[in-house]
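Okay, can everyone see the screen? I'll put the structure up and talk through a few places in it.

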Amino acid sequence: SLPRMILGAEVAWRPELCECGELTALCIGDTKNILIELPFIPWNGRMFNHLYDLIGQTGVNPVIAHLERYMKLQKSQQLAEVFDLGVPVQISAERLTHPLARGKVMKLLKKQRVHILASDCHNCTDRPPNVGQGMQVVRRKLGDRCAQALEQSAKELAGLTGDGGAY
């Protein structure tokens, strides 16, 4: 069967994001969850303060997009602060499909720090849909329980209940 399509957007973080009046239009489906791409520079307290403002003032729940891309740029202290925000974290399946590149992401999955496995699909050649391949790696390396937890989190964050999913 075909996957269920749910509208949403990956929104680039910027300091004035919480002032955007139409922010809920960018949320995933009918939820208050919004996929946020953090800046590709070293994070500082100001950025975290703005994220707390976003959570407290707008009623939207940020979902941190492709955390694996920031890991080389950030100190462990900044990554820990992302986890301390208590918001969902997403990683891209692409990282799991490369055995030499997946070590840190696998550790985050083992520690249950990752809530969503997603594709960063832009087309079918350079950046193809690969969630299935990523989930195979999760099942093989971490077991069905971890894979099922990721699937359940994805359903919840997309506002889906019951069977069927957006992955």
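So, the loop that joins strand 3 to helix 2 is where His66 sits. This is a predicted model, by the way. What caught my eye is the backbone: His66 isn't a glycine, and yet its phi is positive, about 30 degrees. And is His66 buried or exposed? With a relative accessible area of 1%, His66 is buried, the limit for that label being under 20%.

There's another residue like that. Gln112, also not a glycine, has a positive phi near 60 degrees. Gln112 is in a loop as well, the one between helix 4 and strand 5, residues 116-118. This one comes out as exposed, at 66% relative accessibility, where the cut-off is over 50%.

And while we're on phi: Gly86, just after helix 2, has a positive value of about 75 degrees.

Okay, helix 2 itself, residues 76-84. Which residues of helix 2 are buried? Gln78, Leu79, Val82 and Phe83. They span an arc of only 145 degrees around the axis, so they end up on the same side of the helix. You'll remember the general reason: an α-helix has 3.6 residues a turn, so residues three or four places apart point the same way. Flip helix 2 round to the face turned away from that buried side and you find Gln77 and Asp84, both exposed. As for what covers the buried residues of helix 2, that includes helix 1 at 45-58, strand 3 at 61-64 and helix 4 at 103-110.

Let me stay with helix 1 for a second, because I want to show you Leu51. Leu51 is in helix 1, and it counts as buried because its relative accessibility is 0%. If you leave out residues up to four places away in sequence, Leu51 touches Trp13, Leu38 and Leu85. One more distance there: C-alpha to C-alpha, Leu51 and Pro62 are 8.1 Å apart in space, with their positions 11 residues apart in sequence.

Now the helix pairs. For packed helices, the description is the angle between the axes and the distance between them.

Pair one is helix 4 with helix 5, which is residues 131-142. They pack at about 65 degrees, and their axes are 12 Å apart. That makes helix 4 and helix 5 roughly perpendicular, since 65 to 115 degrees counts as that. The crossing is right-handed. On the helix 4 side, the contact is made by Met106, Leu109 and Lys110, and on the helix 5 side by Val137, Val138, Lys141 and Leu142. By type, that contact has 5 nonpolar residues, 2 charged and no polar ones.

Pair two is helix 5 again, this time with helix 6, residues 144-158. Here the axes come within 7 Å and cross at roughly 140 degrees. So how are helix 5 and helix 6 oriented to each other? They're oblique, because roughly antiparallel would take an angle over 145. Helix 5 brings Met135, Val138, Arg139 and Leu142 to this contact, and helix 6 brings Asp144, Cys146, Ala147, Gln148, Leu150 and Glu151. The split for this one is 6 nonpolar, 1 polar and 3 charged.

Look at Val138 and Leu142 in helix 5, by the way: they're in the contact with helix 4, and they turn up again in the contact with helix 6.

That's it from me, happy to rotate the view if anyone wants another look.

Notes
Residues are numbered from 1 along each chain as its sequence is written. This is a predicted model: local features need pLDDT of at least 70, side-chain atom pairs count only at pLDDT 80 or more; totals for chains, interfaces and linings use all residues. Side-chain values use heavy atoms; hydrogens and water are left out. Buried means under 20% relative accessible area, exposed over 50%, partly exposed in between (1.4 Å probe, protein chains only). Helices (H or I, at least four residues) and strands (E, at least two) are DSSP runs, numbered from the N terminus. The arc is that of the directions from the helix axis to the C-beta atoms. Contact means heavy atoms within 4.5 Å. Axes are lines fitted to C-alpha atoms, for helices over the stretch in contact, and angles run from 0 to 180 degrees between N-to-C directions. Angles under 35 degrees count as roughly parallel, over 145 as roughly antiparallel, 65 to 115 as roughly perpendicular and the rest as oblique. A crossing is left-handed if the near helix is turned anticlockwise from the far one by less than a right angle, and right-handed if clockwise. Ala, Val, Leu, Ile, Met, Phe, Trp, Tyr, Cys and Pro count as nonpolar, Asp, Glu, Lys and Arg as charged, and the others, Gly among them, as polar.
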